[in-house]
Amino acid sequence: IHFYKRLLPTMKSCTNLIRYSLLLFIFISCMAALVVLGLDLDLLLNGPDYLSKVITNIVNRFHQGEIVNEEQLKDVLLDARQSLWVHIPMVMVVVLSIMLLLLNCLGCAGACLLSYSLLSGFTMFMFVSFVLYACLALWIFANNMEDSVMDSFVTEKISQYSQSEGIFNMVIDTVQRDLQCCGFKSSADWAGSFPASCCLEVEEECQMKNVYTSSCLEMIRSHLLQPDSMVGLVGVTFLLVVAVVGVTTALSFCLCLTARSHRGKKWSLNNNNESVAASNMELSQPRFLMN
């Protein structure tokens, strides 16, 4: 009993540390969800003016040069906003962001109240999210982006590059300028008709003698975890998201176990109080009244 009394303050301190750490990670998740929700709603309601300015400033300041043209990005986002295949995912992002905020409120309430029911539901949601993120991370980093579906998709977009000016054209140009590469697997993917992003400096048109020699697939693999490029920055950010989700899941699980043990102690304490009250009633009442 004396050992348990000495251990009790330490256990309480550990519980508070886990609780406040979980609240901190929930707060970070809520801030990220609010930023995504705000940008997505602004794009849906007000158009791409603000979002294009934000993306252009971030990318160009990171490279200290013009990688993305703001007016071109604005036109591309405006066309994409009017497409049904882009409009539906934008609405889904709004719905998922709101659901994430509500579930974070559930986890916050469970952590503050030390509620086993709320924490168990939040832990299950975080565990499913962590499994999905971890599988996606393994597919990206362990598979080295070797996938026949992706190969055919990128090859199709390269072949359609000169036919239209869409969001995929801007993604291709941004990646090639960012990593100084040309073509997905080699410069031969362009079949001799190279875009301006395949060359460092273009006076009239990009020719074979001026194109980048490295393939974009090779450069993506080598820069995926190096934050000196936009592709590497996206890769590091994604790993950080997976780590945050994993730590949040672990903290929520530990706090859920603590809440369960506290609930068991309260239940046993109530049963003991009821048994003591029953024994007192037996002592206070005469035998013939009890019969």
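What percentage of the 291 residues of the protein count as buried? In this predicted model, in which local features need pLDDT of at least 70, side-chain atom pairs count only at pLDDT 80 or more, and totals for chains, interfaces and linings use all residues, the share is 33%, where buried means under 20% relative accessible area with a 1.4 Å probe and protein chains only. Residues are numbered from 1 along each chain as its sequence is written, and side-chain values use heavy atoms, with hydrogens and water left out.

The protein contains 10 helices and zero strands, helices being DSSP runs of H or I with at least four residues and strands runs of E with at least two, numbered from the N terminus. About 18,600 Å² of the protein is exposed, 65% of it supplied by carbon and sulfur atoms, as given by the Shrake-Rupley method with a 1.4 Å probe.

The largest nonpolar core (buried Ala, Val, Leu, Ile, Met, Phe, Trp, Tyr and Cys residues joined through side-chain atoms within 4.5 Å) has 30 residues, and those with the most contacts inside it are Leu22, Val68, Leu119 and Leu255. At least two residues of this core come from each of H1 (2-46), H2 (49-63), H3 (70-81), H4 (84-113), H5 (116-142) and H9 (230-284), and H1 gives the most, with eight residues. Apart from its neighbours within four places in sequence, Val68 is in contact (heavy atoms within 4.5 Å) with Thr56, Val59, Asn60, Leu73, Met170 and Thr174. A second, separate core of 15 residues includes Met150, Ile158, Tyr161 and Cys199.

How values were computed:
Buried means under 20% relative accessible area, exposed over 50%, partly exposed in between (1.4 Å probe, protein chains only).
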